[in-house]
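Good morning, colleagues. I should like to take you through one structure, and I ask you to keep it in view while I speak.

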2 protein chains.
Amino acid sequence: MTVKEYKAHPGEKVLTINSMNNYIKKVEYAVRGRIAIRAEEIRDELSAGKKFPFDTVVNCNIGNPQQLNQKPITFFRQVASLCENPDLLSDDKAHLVSQLYPSDAITRAKQLLKDIGPSIGAYSHSQGVPAIRRTVANFLEKRDNSSPANINHIYLTQGASSGVQTILTMLTQDSHSGIMIPIPQYPLYSATLSLVGATPVPYYLDERQQWGLDIEQLTRIVKEARHNGTDVRALVIINPGNPTGQCLTKENLTEILTFCYNQQLVLLADEVYQTNIYTKERPFISFRKALLDHPLEHVKKQVELVSFHSISKGMVGECGRRGGYFECINLNQDILDQIYKMASVSLCPNIHGQILVDLMCHPPQPNDPSYPLYREEYEAIYQSLKRRSQRLEDAFNAMEGVSCQPAQGSMYLFPTITLPKKAIQEAQRRGLAPDAFYSEEMLEATGVCVVPGSGFGQVEGTYHFRSTFLPEEHLFDAFCSNIEAFHAKFLNQYKD
Amino acid sequence: MTVKEYKAHPGEKVLTINSMNNYIKKVEYAVRGRIAIRAEEIRDELSAGKKFPFDTVVNCNIGNPQQLNQKPITFFRQVASLCENPDLLSDDKAHLVSQLYPSDAITRAKQLLKDIGPSIGAYSHSQGVPAIRRTVANFLEKRDNSSPANINHIYLTQGASSGVQTILTMLTQDSHSGIMIPIPQYPLYSATLSLVGATPVPYYLDERQQWGLDIEQLTRIVKEARHNGTDVRALVIINPGNPTGQCLTKENLTEILTFCYNQQLVLLADEVYQTNIYTKERPFISFRKALLDHPLEHVKKQVELVSFHSISKGMVGECGRRGGYFECINLNQDILDQIYKMASVSLCPNIHGQILVDLMCHPPQPNDPSYPLYREEYEAIYQSLKRRSQRLEDAFNAMEGVSCQPAQGSMYLFPTITLPKKAIQEAQRRGLAPDAFYSEEMLEATGVCVVPGSGFGQVEGTYHFRSTFLPEEHLFDAFCSNIEAFHAKFLNQYKD
């Protein structure tokens, strides 16, 4: 080995784009990539008085409901604020506090403080507060009408993302190890695999079949990848889909589990949109339930499942707190120990996120004083999301050359756009993917920030973008018509 | 390449200790390792009624002040609870809320909510809320009596640990890249390097010189490592030291910076214990200040410095929230962009941690209504920590065969223990490091959980343990005498 020469005064930095970790360099994360950075710049320029054809930037690039004024659930915030300031729970404050807080919020905060220990400012158990994991276990049992969950197999996390990163890293090591990921996908998956230097093994969702997935294709792909020397270790399913919004049937879940058994794959189920479900025909069913109900005993006993959930989405939308959990089924004890060790290196998931996990999994119940308000708030957000998803889907489908699958679930629509040749040429001239060019033009014209389909992956030669339907309902008509007007103008400008 | 055979029904799991990521398997993190896990078990067994020679487990293995009943700073919690429940800030609640909260807490919460945006439940800027980074920048300027800091070079994080992990990963890639770390060290460093497969290049702190470090040794080590083919990229300094508690002089900081310049090393300064300083002769001086004041212009302009701070330690002690920041000096813009990208993949540091960073960096000022209480609380915690560090140091130094350097800073003491041969043999018989055996015996006898020196690294043939001095002051005499009694009994049992 040649020893590198170290000169004393080279004037060059040690950490440069050439010397840095090459895996990090390859990471791509479009949701907060180039176009989102430009949106931030425009926001700054707007506040500095610069003129644009619009007054505000609308961030539809990211599922960030409260940024677009979705109201937090009152009960959740009441309990959290009492935990934060336990002084309010002392007897001498009771006459004032009882005028500000419902009694069940006070009771719940006292219980949580007791469960958490002397203070919410202390590190908890690395895996999360045991009593909060118990709440999650009860929630899973009830949701799936199933046998009890084991609190030792539940890990609280700082959002679903950090859990996904831990498990993907555990499963891979280098370019020899591969993970099956959907295309289109949420780019956390490809980013994490890039970081480890592992190989993404893409499978395609079929847009014409409402972004469905088909076992024959999965089988062909895993065999091919293995034939080419990739040690395929796991299958990632995002259900409800992100960016694609589809919701899988129980039959489909069952056959996917059988496939995982036959092909010896760990199943990673990203189920963070499980309450964002907008059609009666496609209720959410968890992989956990499908596994515990699986007709084949050997599948049920054998398939290793890790499923992820989060406080960031649904009607909770508390993404800024970074809270979530994952549950493991059929994992070996020594692997659970290794996950615990990795959780310990980061000490513990933040307690505020843990508190919200507890509240999400055990909200006010009928007969609780806070129940009526909770239901009202929850239902209002839900119905509004449903209306807005439909309204935006209709708008997209009415636009020339645009076609959009219905949102069965999630917070996103992912329309396909037919771009004129001239637009594609102009994009190439600028060194951009055609849908990135389209999205950037949309931002400059309307202030609406979406993410180009190329950031999620798509069938070659097709173009998409992902948009949330989170802008407030009273602004929604204007939001849709701004996009419509931009689109018409864009097509006109680049028409063949 | 031979293609692996996949049999359909092998009855073996996919993810096993043999198939998992080998780098993760190699990670060690003693602070929450075997002995801490045993302490948890004992705690459970105690609550289940099992008898031990003690009533409670005392966790001295981890700097977790509020777990041992350190009171949170009232003002911080007041502001945080108002941010959590902004409903309390509405006009119709003012007559009640003004009886529960001081006016400056109300004003500060309103300001923070305005700075953060519509809701603390939303994702913030990936790098942290700009106004909070501004607070950090002002704090740095004031602390160091220096030129202003740049908010674009500050990254808010989920505790210092996550920042350290990001930067170490950025700097390394494989076993070819090396990072100089102190021995003894805080095991986050070795754990993170294990995870990337990078090479730790250890340098030794000199226990006889109050755990000082010596440039000649550093120079010899970096040259040797490079000669052996390791691309040494950075030097880690923990100041005040963990587990060793020393605090470096400005002269020492200055020469370390010159060393980094001469040897082309990035300097990573872990300064999370910067307010845990117990001797007047050794005030904390930041590497930032030493760099900005450096007498050699080329050093000042060239040396890349990343310094880390946290809300977990000091008199704040809010470790359960996971908040902190790092500041970069002299880093290339394209590297700053890459750090931003990595921050984006995790979306944002949790907002509650960010709020506490703001409060820590800008606490109540003289003339603010909350100032007197804030000072009183801060000073009480500080003086008590100082007394307890002295009390425990004295106790250790009075014990036979134990010698302990004074705690100039941090939350830990790291005494060296001379173990009798028979004890060492007994440890070997049990397959344990001798100080691990000693520490486990201490736990079983007293309920006190410390971390063996072997978890931090130490000169071969020497034995240590790390203990916090965080047990409550009214329990401190009993705490010390329990350890003393155990130690005497242990020596007696294994005397040569």
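**A walk through the two chains**

Leaving aside residues up to four places away in sequence, Gly33(B) touches Glu28(B) and Gly455(B). Before I continue, please note that this is a predicted model.

Let me stay with Gly33(B) for a moment. This glycine is found in the loop of chain B between α1, residues 22–26, and α2, residues 34–47. Is Gly33(B) buried or exposed? Neither word fits fully: Gly33(B) is partly exposed, because 18 other C-beta atoms lie within 10 Å, and a residue needs 20 or more to be called buried. Gly33(B) and Ser90(B) are 57 residues apart along the chain, and their C-alpha atoms are separated by 48 Å.

I turn now to the relation between the chains. In general, two copies of a chain are related by a rotation about an axis and a shift along it. Here, chain A is superposed on chain B by a rotation of 180° with 0.0 Å of shift along its axis, and the RMSD is 0.0 Å. That is the relation of a two-fold axis. Which C-alpha of chain A is nearest the axis? In chain A, that of Ser81(A) is nearest, 2.2 Å from the axis.

How many residues does each chain bring to the contact? Chain A gives 89 residues and chain B gives 89 residues. On the side of chain A that touches chain B, helix α13, residues 333–345, gives the most, with 7 residues. By class, that side of chain A divides into 36 nonpolar, 37 polar and 16 charged residues. Why may we say that the copies meet through the same surface? Because 100% of the interface residues of chain A are also interface residues in chain B.

Next, I should like to look at helix packing within chain A. Two packed helices are described by the angle between their axes and the distance between the axes.

The first pair is α15, residues 371–398, and α18, residues 476–493, both of chain A; their axes come within 10 Å and cross at roughly 20°. Angles under 35 degrees count as roughly parallel, and α15(A) and α18(A) are therefore roughly parallel to each other. The crossing in which α15(A) passes α18(A) is right-handed. From α15(A), the contact is made by Arg388(A), Arg391(A), Leu392(A) and Ala395(A). From α18(A), the partners are Phe476(A), Cys480(A), Ile483(A) and Glu484(A). By class, this contact has 5 nonpolar, no polar and 3 charged residues.

The second pair is α16, residues 421–429, and α17, residues 434–446, again of chain A. Their axes are 8 Å apart, and the helices pack at an angle of about 90°. That makes α16(A) roughly perpendicular to α17(A). Ala423(A), Ile424(A), Glu426(A) and Ala427(A) of α16(A) meet Pro434(A), Phe437(A) and Tyr438(A) of α17(A). The contact of α16(A) with α17(A) has 6 nonpolar, no polar and 1 charged residues.

I come now to the backbone. Most residues other than glycine have a negative phi, and most peptide bonds are trans.

Where, then, are cis bonds found? One cis peptide bond joins Asn242(A) and Pro243(A), with omega about 10°. Pro243(A) is found in the loop of chain A between β5, residues 231–238, and α10, residues 250–263. In chain B, the peptide bond from Ile183(B) to Pro184(B) is cis, with omega near 0°. Pro184(B) is found in the loop between β3, residues 177–183, and α8, residues 188–196.

Two residues with positive phi also deserve mention. Leu347(A) is not a glycine, yet its phi is positive, about 75°. This leucine lies in the loop between α13 and α14 of chain A, the latter being residues 351–361. Leu347(A) counts as buried because it has 25 C-beta neighbours inside 10 Å. Asn69(B), also a residue other than glycine, has a positive phi near 75°. Asn69(B) is found in the loop of chain B between β1, residues 58–59, and α3, residues 74–84. With 15 C-beta neighbours inside 10 Å, Asn69(B) counts as partly exposed.

Finally, consider Asn262(A), whose place is in helix α10 of chain A. With 16 other C-beta atoms within 10 Å, Asn262(A) is partly exposed. Its C-alpha atom is separated by 24 Å from that of Asp174(A), the two residues being 88 residues apart along the chain.

Technical notes. Residues numbered from 1 in each chain as written. Chains lettered and ligands numbered in written order. Predicted model: local features only at pLDDT ≥ 70, side-chain atom pairs only at ≥ 80, totals over all residues. Contact = placed C-beta atoms within 7 Å. Helix = DSSP H or I, 4+ residues; strand = E, 2+ residues; numbered from the N terminus. Nonpolar A, V, L, I, M, F, W, Y, C, P; charged D, E, K, R; others polar. Buried ≥ 20, exposed ≤ 12 C-beta atoms within 10 Å, placed from the backbone. Least-squares fit on C-alpha atoms with pLDDT ≥ 70 in both. Axes fitted to C-alpha atoms, helices over the stretch in contact; angles between N-to-C directions. Parallel < 35°, antiparallel > 145°, perpendicular 65-115°, else oblique. Left-handed = near helix turned anticlockwise from the far one by under 90°.
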